[in-house]
Amino acid sequence: MPRPTGRVLTLLELLQSGGTRTMAELADRLGVEGRTVRRYVEQLVDLDIPVESVRGRYGGYRLSPGYRLPPLMLSDDEALAVLLGLVTGRRAGLTTTERTANETASAKIRRVLPRHLAHRLDSLLEALAFTDQPGELEHPDAGLLLTLADAVRHRRPVSIRYTDRDGRRSERTLHAYGIVAHAGRWYVTGRDAQVGEDRTFRLDRIADARTLPGSFEAPEGPAPAERVMSGFATAEYRHEVTLRIHATVEQIRAHLPASVASLEEHEHAYGAEAGQDPAAERWLRVELRAERLDWLPRVIAALDRPFVIERPAELRDLVLAFADRLTSYARAPSPGPGRCRCGCSR
């Protein structure tokens with residue numbers, strides 16, 4: 001049976017959830033009589049916690065706005081959500097004052113966490129990575145996130161039940177390398193033991209995760225965030241596109257980020273340019289995959305750099321058609337008063 005101090009803290013947690021709690025409800029939740037509830041309320045008031053007594057048929061107790069914040073009672077899930085919000089907030093361009101407040105708030109919460117939860121959160125923060133486009137992140141399942149983080153930290157295989165984008169369900173054994181936040185979603189990346197290849201899985205499509213016996217060696221090579229971005233750029237889609245563009249990496253990345261396309265030096269007659277300033281314009285091979293091609297002509301035009309389409313031929317036809325439309329629009333005579341370019345009346 002909980003000690004009286006534990007019941008007082010439970011009472012505070014119930015009141016912090018909002019609204020008015022009746023005497024009968026509080027007595028039932030705490031497993032005590034009404035006069036004991038009143039004694040617990042008096043203890044909270046002695047601690048300067050603003051508890052109001054509400055009279056009437058639907059009366060009871062509630063917290064009133066006080067001149068200072070009462071002690072917070074956070075569940076494991078709530079503590080995780082707050083800390084994740086603080087961690088992601090550090091990447092949102094905070095001012096120096098805001099960053100200091102963020103760090104002190106994180107330190108205060110971590111200082112009062114139960115030891116078991118503190119260890120699991122340390123595992124999560126160690127396993128967590130962000131891309132350059134973290135976005136406004138959805139709230140992940142706390143248990144799932146902590147289980148995967150433990151598997152990453154201790155290099156333990158983990159079994160997951162996954163539903164892919166086509167609705168197919170499967171159970172997989174994953175050697176997880178890291179957890180990555182990108183564009184508002186959470187991902188776990190690692191080696192799929194059944195197919196022997198690296199894979200990236202969305203957390204919101206994982207129904208369950210459980211740690212398995214055994215261990216694995218962490219691979220050399222790109223960091224988890226880089227693996228996720230590379231996986232997006234090489235995902236299976238209908239069209240495989242290869243371009244050669246004479247530009248800087250920065251110019252290309254402004255329109256085709258790493259999650260969309262991969263870049264490499266073009267090995268051809270332009271080898272004399274090798275070893276030059278990485279910020280200089282040079283011929284780069286751009287490879288990407290896409291389900292549709294109709295958006296690419298606009299991107300290529302926006303780049304405004306010399307380019308060669310290696311594949312597919314269909315893209316070349318779309319770019320030519322797009323160029324013809326732009327040419328026809330540019331050569332069309334200026335419309336007269338009250339008429340637009342298509343000839344209709346306004």
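Contact, as the term is used in this tour, means heavy atoms within 4.5 Å. The structure is a predicted model, in which local features need pLDDT of at least 70 and side-chain atom pairs count only at pLDDT 80 or more, while totals for chains, interfaces and linings use all residues. Residues are numbered from 1 along each chain as its sequence is written, and side-chain values use heavy atoms, with hydrogens and water left out.

**The whole chain**

Begin with the entire chain selected. It holds 11 helices and 12 strands; helices (H or I, at least four residues) and strands (E, at least two) are DSSP runs, numbered from the N terminus. Of its 346 residues, 35% count as buried, a label for under 20% relative accessible area, with exposed over 50% and partly exposed in between (1.4 Å probe, protein chains only). Among contacts with a separation of 6 or more, 62% join residues 24 or more positions apart.

**Helices α2 and α3**

Select residues 23–30, helix α2, together with residues 34–46, helix α3. The two helices pack at an angle of about 90°, and their axes are 9 Å apart. Axes here are lines fitted to C-alpha atoms, for helices over the stretch in contact, and angles run from 0 to 180 degrees between N-to-C directions. The angle makes α2 roughly perpendicular to α3, a description that covers 65 to 115 degrees (under 35 is roughly parallel, over 145 roughly antiparallel, and the rest oblique). To view the meeting point, show Met23, Leu26, Ala27 and Leu30 from α2 with Gly34, Val37, Arg38 and Tyr40 from α3.

**Arg169**

Move next to Arg169, in strand β5 (residues 169–182). Is this residue buried or exposed? With a relative accessibility of 72%, Arg169 counts as exposed. Leaving aside residues up to four places away in sequence, Arg169 touches Tyr162 and Thr163. Add Arg205 to the selection: 36 residues separate it from Arg169 along the chain, and their C-alpha atoms are 9.6 Å apart.

**The hairpin of β6 and β7**

Select β6 (residues 185–192) and β7 (residues 197–202), which pair in the antiparallel sense over 6 bridges. Two strands pair if DSSP finds at least two bridges between them. One bridge to display joins Gly190 to Arg199 in β7. Between the strands of this hairpin are 4 residues, and Gly196 takes a positive phi near 70°.

**The four-stranded sheet**

Now display the open sheet of 4 strands, whose order is β10-β11-β9-β12 with antiparallel pairing. At its edges stand β10 (261–265) and β12, each with a single partner strand, so one side of each has no neighbour in the sheet. From one strand to the next, the twist averages 25°. β9 and β12 are joined by 4 bridges, and Leu243 has Ile309 of β12 as its bridge partner. Include α11 as well: this helix lies across β9 and β12, at about 140° to β12.

**Helix α10**

Finish with helix α10 (residues 296–303), and highlight its buried residues: Leu296, Pro297, Val299, Ile300 and Leu303. Viewed down the axis of α10, these residues fall within an arc of 160°, so they line one face of the helix; the arc is that of the directions from the helix axis to the C-beta atoms. Which elements do the buried residues of α10 pack against? They pack against β9 (239–247), α9 (249–253), β11 (282–290), β12 (307–311) and α11 (313–331). Just after α10, Asp304 has a positive phi of about 55°.
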